[in-house]
Amino acid sequence: MSAAGTYTPKPGAAPLPRMIAAQAALETKMLLRNGEQLLLTVVIPTLLLVLFSAVDIVDTGKGEAVDFLAPGILALAVMSTAFTGQAIATGFERRYGVLKRLGASPLPRWALMAAKTLSVLVTEVLQIVLLTLIAFALGWSPQGNPFAVLLLLILGTAAFSGLGLLMAGTLKAEATLAAANLVFLLLLVGGGVIVPLDKFPDAAQSVLGLLPISALSDGLRDVLQDGAGMPWGNLAILAVWAVLGLGAAGKFFRWE
């Protein structure tokens, strides 16, 4: 403040952590206000969990249906936010020039991606809390190591985020919209989410088991339903997908 009692301007960018937090908060608010995104990330997983737990549509094996379904629906929630939702939103931001303008702001491009990732994580926490409460109301009895569950969710998020950003950064927005929704539907059916993988032919099982959604849903199911220890095989599959997806997204992502 000067001697005359006026404030001296101090131009410059805000601290980087504050910029990332502000951008992440904005990304999260935009997602939660988007009806289509809410349908994808909240309504569809919730309806699937309630419907298939209450009605005997799919043979889920011994025990309560919700014990089989809840881990798969949690995996679906991660995919819907980290892959499908992020791919579509980022694809249209790229089309309308939003990413280009943000890239020219004081916020570095890597920090923008970090803010998007933080927004995905916040959304996933809300999803998991909601779905867990609903599953408990349906009679879910989870068990196992919470650390193993957390590690699976983190690696699953990394894998799907990389694939989503790769799709959004290389395809046109309309193609991303169609492809992301198609992949979501295909993996919902063939990824062990609501239909056990052992219901598929042996040749198909060996291929489907290598998909990130299968590794995440089976890993969560091994821990939460069967009380298994650390599912190293599933973690390894997710880690490979995460490295490949994030690496390819970092190399081929186009901002314009």
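The exercises below deal with the helices, pockets and cavity of a predicted model.

**Exercise 1. Describe the protein chain by its elements, its extent and its confidence.**

Step 1. Count the elements: the protein chain has 10 helices and 0 strands.

Step 2. Write them in sequence order, which gives the pattern α-α-α-α-α-α-α-α-α-α.

Step 3. Look at the extent. The C-alpha trace spans about 80 × 40 × 35 Å along its principal axes.

Step 4. Check the confidence. The average pLDDT of the protein chain is 87, and 95% of the residues score at least 70. Among the elements, helix α4 (residues 98–103) has the lowest mean pLDDT, 77. The highest, 95, belongs to α9.

**Exercise 2. Determine how α6 and helix α9 are oriented relative to each other, and which residues make their contact.**

Step 1. Take the geometry: the two helices pack at an angle of about 170 degrees, and their axes are 10 Å apart.

Step 2. Classify the angle. Angles over 145 degrees count as roughly antiparallel, so α6 is roughly antiparallel to α9.

Step 3. List the contact residues. On the α6 side they are A148, V149, L152, L153, G156, F160 and L163. On the α9 side they are P212, I213, L216, G219, L220, V223 and L224.

Step 4. Sort the contact by class. It has 12 nonpolar residues, 2 polar residues and no charged ones. Gly counts as polar, and the contact includes G156 of α6 and G219 of α9.

**Exercise 3. Characterise the largest pocket by volume, lining and class.**

Step 1. Start with the volume, which is about 490 Å³.

Step 2. Find the lining residues at the centre. The lining has 22 residues, and N34, Q37, G85, I88 and A89 are the closest to the centre of the pocket.

Step 3. Assign the lining to elements. Two or more residues come from each of α1 (16–33), α2 (35–54), α3 (65–95), α5 (109–137) and α7 (173–190). The element that gives the most is α3, with 8 residues.

Step 4. Sort by class: 10 residues of this lining are nonpolar, 8 are polar and 4 are charged.

**Exercise 4. Do the same for the second largest pocket.**

Step 1. The volume of the second largest pocket is about 200 Å³.

Step 2. Its lining consists of L121, E124, V125, I128, V129, T132, L150, L153, I154 and T157.

Step 3. Both α5 and α6 (146–170) supply at least two of these residues. The largest share, 6 residues, comes from α5.

Step 4. By class, the lining has 7 nonpolar, 2 polar and 1 charged residues. Glu counts as charged, and E124 is in the lining.

Step 5. Compare with Exercise 2. L153 lines this pocket, and L153 of α6 also takes part in the contact with α9.

**Exercise 5. Find how many cavities of 30 Å³ or more the structure has, and describe the largest cavity.**

Step 1. Recall the idea of the search: rolling a probe the size of a water molecule over the atoms shows where empty space is left.

Step 2. Give the result. Over the whole structure, 1 cavity of 30 Å³ or more is found. The largest cavity holds about 30 Å³ of space.

Step 3. Name the lining: L49, A70, I73, L74, L131, T132, A135 and W140. At least two of these residues come from α3, and at least two from α5.

Step 4. Sort by class. The cavity lining has 7 nonpolar residues, 1 polar residue and no charged ones.

Step 5. Compare with Exercise 4. T132 lines the cavity, and T132 also lines the second largest pocket.

Conventions:
Residues are numbered from 1 along each chain as its sequence is written. This is a predicted model: local features need pLDDT of at least 70, side-chain atom pairs count only at pLDDT 80 or more; totals for chains, interfaces and linings use all residues. Side-chain values use heavy atoms; hydrogens and water are left out. On a 1 Å grid over the protein atoms alone, a cavity is a set of points where a 1.4 Å probe fits but cannot get out, and a pocket is an open set with protein on both sides within 12 Å along at least five of seven lines; lining residues have an atom within 4 Å of a point. Grid points are joined across faces, edges and corners, and a volume is the space filled by probe spheres set on the points. Helices (H or I, at least four residues) and strands (E, at least two) are DSSP runs, numbered from the N terminus. Axes are lines fitted to C-alpha atoms, for helices over the stretch in contact, and angles run from 0 to 180 degrees between N-to-C directions. Angles under 35 degrees count as roughly parallel, over 145 as roughly antiparallel, 65 to 115 as roughly perpendicular and the rest as oblique. Contact means heavy atoms within 4.5 Å. pLDDT is the predictor's confidence in each residue, from 0 to 100.
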